[in-house]
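Visitor: Could you walk me through this structure and show me how to read its features?
Guide: Gladly; let us put it on the screen and start with a pair of strands.

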Amino acid sequence: MCVPVSLLRNNALTYLGYSDSDLDEQTQEALHSALTHIAEWSAYKQIYTRLKDLPEAPAFLQQESYVGLQGKLDTALLFAATLGLGIDRRIQSLSLNRLSEAVVLNAVANAYLETRVELFIGETLPGGVLFCPGYAGTSPEGNRSVLKLLNAQKHLGIYLKDSGLMIPEKSMAGIVVAGYSFSCRACSIRSKCDHLRQGKTCYGKPAPHREESRNAKADNIKA
Amino acid sequence: MPDLISKKVQLFDGAMGTILTADPEVNSFLPEELNLLFPEKILAIHRAYVEAGAQYITTNSFSANPIKLNSSRFSLQEVLDAAIELARRAAGESSCKVMLNIGPTGKLLEPLGELGFEETYENYKTVVEYTKDKVDGYVLETFSDLYEIRAAILAVKENSTLPLMATMTFDTSGRTLTGSSPEIVALTLSALGVDVPGINCSTSPEHLIPLVKRMRAITHLPLLVQPNKGFPILCQGSVSYAMSDEDFVYYTGKLIEAGASIVGGCCGTTPDTIALMAKYKSLPLKEYAPVAGHYICSSTRLLKLQQGLVCGERLNPTGKKKLQQALLNSDFGYLQQEALSQQEAGAHFLDLNVGIPNADEVDLLCRATKKIQEVCDLPLQLDSSNPAAIGAALRVYNGVPVINSINGSGPVLKALLPLLAKYGASAVALTLDEQGIPETVEGRLRIAKRIIARAAAKGINKNRLIFDALVMAVSSNQHYGQLTLDTLRSLKKMGVLTTIGLSNVSFGLPNRPLLNRSFLLMALTSGLDIPILNPLDEENMQSLKAFNALSGADPACENYISYHSPSPVHEQSDSLYQVVLSGLKDSLPLAMDKILKEKEPQQIIDEDLIPALNEVGQRFEKKHVFLPQLIRSAEVARQAFQQLGELYVQKTDKTQGLVVLATVKGDIHDIGKNIVKVVLESHGYRVLDLGKNVDTEKVLEAYRTHRPLAIGLSALMTTTVPSMSQTVEALKEMSAECPVIVGGAVITESLAREMGADYYAADALTAIRILEEL
């Protein structure tokens, strides 16, 4: 699947805070170089299954945070994707002696993974969003169930550490669901959320409540 | 190998898990427990494979190791005994061999995970010690991490004499999940003494054909290949495989043509599949000649030892105070930066020497080896005069390295040749012995021949040795230069690879770079293959590239042309203020030269560096510049500070004190912490960077040893906040007198207060403001 470079570039710039500003020459070069690194070092892989194809629904979906999902699960997917370890290594190496390039590559890698996932969702479950356990006040333990059910360690090489960190770092796991918006109110990093400040959510949709986005801006000013 | 291997293609069994998973009566149990809970089912599967014609069957023990079986209701011994007994019963009186199946731990090894190399080794050692008298051999399978299979191989080889087969799994990109290519896997497994390396699981058989060919190009050993029966399809909670048995068998034939010697099946295959494959058993096994030349590798980079390579010499503390200090402080970040700089400058592999007085070289060389391999994928040349240090580093090195060095002395050969043989490493061989360095070419050649003979007796081919013709200072005897050149010519006539440590030649004379460069070209024309030199010396590298282009060592002059292709022209300035403001790294030397003629260091700091940084900071806060630009400015300012410090260390008193930084235990995100480090250093602070995933105790120890100005802790994930909190608490309990500053994506002002931190820094510039107020 081809990822439109302009879309990827714009998403990466959003991560870096550049959305409304002109790029300087060196950052342009770093962006170009990051795209080359992505082509060379990343190995996008994904796996998914329809929730209804599982013998029973994963237990974490019974938790209160997911109560609003009931009735939306018929079409939902369990999903995981990764860019592999190569890009993690490249970012780490760059961060030792070319830190500004590492920051740009980190942003481009995040954007690339998210863009690939969005394109997949657009084709497979139009109108769907990938919701990752751990956000919006949900327990990150849900990731463990998702990855286990998908056998993502074997098929994609995604390990989940005791701390909840996924290795490779550029990995995503969660549930793709259509017709539902998660609230950001309970999210622990809401006050620092770059997405929310820009009126979006971390799962790629407009912020569900304008007020949330305004509050995030206000919190940020206080900080 | 073993008499196990015949002159014909041989047949392994197929999947066990596929059959068990499809059986609703048993598929909710741990497969290994079924050896005790439903032995008749396991026995039936084994028997079906024997009847299908399999010449090897594997025990149902994939997860039977202490780490993976720790939640079982049965002991490891019970499970292993039952697994072996069932396979033995199935094999009966037939000639079918019973191989103990050993799989990965399912845990992630250091540095990405928590599982240590020796812990992994001990895990497998437990299994091998218990089973070594009960099976016909071992098969390690479905490993995806070269480091983990290394630990398992050592556990088998050091604790049994049984045949060992070892296979890894590759994804559709043709690499293992941790990035190793088929060549690297073949090389490393062969080097470690595996009798039959190979591939299992992975993908469809047709996708493995090119991978088998690539392995075959590196090793002449028999190859075991057990593919999946196509790609898995996840449906209704179970996995199925789309390929037909007939197609699978057809492609198995192609795998044999490509170089597979023993074939079997993995996920999706059944006794029916294996029965159809039995026709291949009559095919004669091709014999493969040993591969010409010798390779070394890291876990992700393969390198053929040949003329035209450069070994970087800068990871050696002799005469380098900064490196010595970094090693004493366990500041491996400095070593990592040096390694990466040499890689960027064009080195192909790196010499690593950590010999400093009053340090435990065995421990230090191991830690340095691991740390450099975390970030730099160039193969290493492990350099020590201490055989124990070499042995320990060879053990933990992920890949196949060079060691530096052996020589003609009896005790040295006795200590090091067995290590070379065990780990399959290459070695630099010095043409000296216990009598010293011969002053004649003949004397040096005599030693070289002795080394070759002694190595051959241990099964080590001379193509694994790189002979050092030895360079001594021409200032002490002008004949020494010519002696080295003559030795190089004679060594080349013996058909061996050559090296020299270049810079010794100019010791004691003025303008050493000129002499080094000139001697490099003389040595290259005399037969020098692989110089050990400083790759950051651009003139040396240019000479080398020119030589390689002119001598044909650089096919089509590709490297030479690429090196000289025009690079983009960047904005230039000779104003230090502007250079820092715009982060113009390339202009820094020019700007520093200019300003040092005009101002004293203190003036430069007060009038140019700090004002420029302040301006960048203000623009950042107003969102006129963004993070990449802020960091570029900080990186340039940091270099300027370093240069000022080196030039005027006596005159300046602008070091702002030491700050200890760490990303807390459990968290391996360190870009944020690295940004803070660069910005602090750009403002003149010294930083002791403890790295990521740092234990509380290590932070306390850093406080006790260094009494820093402040300690900065970073955490990116909510799940690692408790770890940060614990570290802050421990520092408070010991009444640490320096403030603790916390930050990171998930940390907020109120969280910082709750955990008892003294300050919360939302970003690097806030950290600077806090430090300035202290």
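Visitor: Where should I look, and what am I looking at?
Guide: This is a predicted model. Strands of a sheet pair through hydrogen bonds of the backbone, in either a parallel or an antiparallel way. In chain A, strand β3 (residues 128-131) is joined to β6(A) by four bridges, and the two run antiparallel. Within that pairing, A:Val129 stands opposite A:Val177 of β6(A).

Visitor: Which other strand is joined to β6(A), and by how many bridges?
Guide: That is strand β2 (residues 77-82) of chain A, joined to β6(A) by six bridges and again antiparallel. To find your place there, take A:Leu77, whose bridge partner in β6(A) is A:Val176.

Visitor: Is strand β6 of chain A enclosed or open?
Guide: Count its buried residues. Strand β6 (residues 171-178) of chain A has seven buried residues out of eight, so it is largely enclosed by the rest of the structure.

Visitor: How do I place that strand in the whole of chain A?
Guide: Chain A has eight helices and six strands. Read from the N terminus, its elements follow the order α-α-β-β-α-α-β-α-α-β-β-β-α-α. Of its 223 residues, 50% count as buried. Sequence separation is another useful view: among contacts in chain A between residues at least 6 apart in sequence, 75% join residues at least 24 apart.

Visitor: Which residues touch the most other members of the largest nonpolar core?
Guide: They are A:Ala80 and A:Val108, in a core of 304 residues. The element that gives the most to this core is helix α4 (residues 99-124) of chain A, with 14 residues. Follow A:Val108 outwards: leaving aside residues up to four places away in sequence, A:Val108 touches A:Ala12, A:Leu31, A:Ala34, A:Leu35 and A:Ile38.

Visitor: And how do I read the contact between the two chains?
Guide: The size of an interface is often given as the accessible area lost when the parts come together. Here we can count residues instead: 41 residues of chain A are in contact with 48 residues of chain B. On the chain A side, the elements that give two or more residues are α2 (25-41), α3 (85-97) and α4. The most comes from α3(A), with seven residues. By class, this side of chain A has 18 nonpolar, 17 polar and six charged residues.

Visitor: What covers the buried residues of α3(A)?
Guide: Both chains take part. The cover includes α2 and α4 of chain A, together with α12 (332-345), α13 (361-375) and α25 (671-682) of chain B. As 12 of the 13 residues of α3(A) are buried, the helix is largely enclosed by the rest of the structure. Among those buried are A:Asp88, A:Arg89 and A:Arg90.

Visitor: Let us move to chain B. What is the order of strands in its open sheet of eight strands?
Guide: The order is β1-β10-β7-β6-β5-β4-β3-β2, with parallel pairing. At the edges stand β1 (10-11) and β2 (56-58) of chain B, each with a single partner strand, so one side of each is left without a neighbour in the sheet.

Visitor: How many residues of strand β4 of chain B are buried?
Guide: Seven of the seven residues of strand β4 (residues 137-143) of chain B are buried, so the strand is largely enclosed by the rest of the structure. Four bridges link β4(B) in parallel to strand β3 (residues 97-102) of chain B, where B:Leu100 has B:Tyr138 of β4(B) as its bridge partner. The chain passes from β3(B) through helix α5 (residues 117-131) of chain B to β4(B), a right-handed β-α-β crossover.

Visitor: Which strand follows in the next β-α-β unit?
Guide: That unit is made by β4(B), helix α6 (residues 146-159) of chain B and β5(B), and it is right-handed. Four bridges join β4(B) to strand β5 (residues 164-168) of chain B, running parallel. Look for B:Phe143, which stands opposite B:Met168 in β5(B).

Visitor: How far apart are the C-alpha centres of domain 1 and domain 4 of chain B?
Guide: They lie 48 Å apart. The domain assignment gives bounds of 10-281 for domain 1 and 469-564 for domain 4 of chain B.

Key: Residues are numbered from 1 along each chain as its sequence is written. Chains are lettered from A and ligands numbered from 1 in the order in which they are written. This is a predicted model: local features need pLDDT of at least 70, side-chain atom pairs count only at pLDDT 80 or more; totals for chains, interfaces and linings use all residues. A nonpolar core is a set of buried Ala, Val, Leu, Ile, Met, Phe, Trp, Tyr and Cys residues joined through C-beta atoms within 7 Å. A residue is buried if 20 or more other C-beta atoms lie within 10 Å of its own, exposed if 12 or fewer, and partly exposed in between; C-beta atoms are placed from the backbone. Two residues are in contact if their C-beta atoms, placed from the backbone, lie within 7 Å. Ala, Val, Leu, Ile, Met, Phe, Trp, Tyr, Cys and Pro count as nonpolar, Asp, Glu, Lys and Arg as charged, and the others, Gly among them, as polar. Two strands pair if DSSP finds at least two bridges between them. A crossover is right-handed if, with the strands pointing away from the viewer, the path from the first strand over the helix to the second runs clockwise. Domain bounds come from an automatic or database domain assignment.
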